[in-house]
Amino acid sequence: MKKKMFVTVVGMMLLLLITGCNRNAAEMIKGGSVQVDEEAGELTFKAIVTDKELETGTPYQTRFFLEGNTLKEALGTDLVYTDKELKSRKKKEGDVTQEVTVPLKNKETLKQIIKDIRDKDKESVTIEIVNDKGRIDDRTIHEVKVN
């Protein structure tokens, strides 16, 4: 009986440890949105990030991971990268806003794209902060601004 209790307690402790370590992100993403320009047929992905949690000089890049067939087919990709790699700066220098604009290949699905991004049950657009060591932080966004 003691052995069974010991195994149960150890199992619970391991479960708690694994659960607590699940989110080891640097908490870099402060916000983001998708700007829809219906006339031009473009989506602009915007991320507001901070590098306060990183050591000075650490390189990183922002990318947008896209899920769902409608969005991926309309843009022709599932990953959208910002133009440049950044390096973390001295502490307390403020947030960095990064944007990237992508033309739609299929404008007919625009209303469905907006609906999918706003749907809180879906993860249509995820901002990811990455470097050569892997993903540093990620956050799903649901805010859509329409021109």
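**Buried polar residues and the nonpolar core**

Reader: In this predicted model, is R63 buried or exposed?
Author: In this predicted model, R63 has a relative accessible area of 18%. Buried means under 20% relative accessible area, so R63, at 18%, counts as buried.

Reader: Where is R63 found, and which residues do polar contacts join to its side chain?
Author: R63 is found in strand β3, which covers residues 59-66. Leaving out residues up to four places away in sequence, R63 touches L79, V80, Y81, T126, I127, E128 and V130. Among these, the side chain of Y81 makes a polar contact of 3.0 Å with the side chain of R63, and a polar contact of 2.5 Å joins the side chain of R63 to that of E128.

Reader: Which residues touch the most other members of the largest nonpolar core?
Author: The largest nonpolar core holds 31 residues, and at least two of them come from each of β1, β2, β3, α2, β6, α3, β7 and β8. L43 is in contact, beyond its neighbours within four places in sequence, with residues including V34, L71, L75, V100 and I113. The members that touch the most others are L43, F45, Y60, F64, L75 and V125.

Reader: Which residue has its backbone nitrogen 2.8 Å from a polar atom of the D51 side chain?
Author: D51 is found in the loop between β2 and β3 and is buried, with a relative accessible area of 3%. Apart from neighbours within four places in sequence, D51 is in contact with M28, Y60, K87, S88 and R89. The backbone nitrogen that lies 2.8 Å from a polar atom of the D51 side chain belongs to R89.

Methods. Residues numbered from 1 in each chain as written. Predicted model: local features only at pLDDT ≥ 70, side-chain atom pairs only at ≥ 80, totals over all residues. Heavy atoms only, no water. Helix = DSSP H or I, 4+ residues; strand = E, 2+ residues; numbered from the N terminus. Buried < 20%, exposed > 50% of the residue type's maximum accessible area, 1.4 Å probe, protein only. Polar contact = N/O pair within 3.5 Å; in protein donor to acceptor, adjacent residues only side chain to side chain. Contact = heavy atoms within 4.5 Å. Core = buried A, V, L, I, M, F, W, Y, C linked by side-chain atoms within 4.5 Å.
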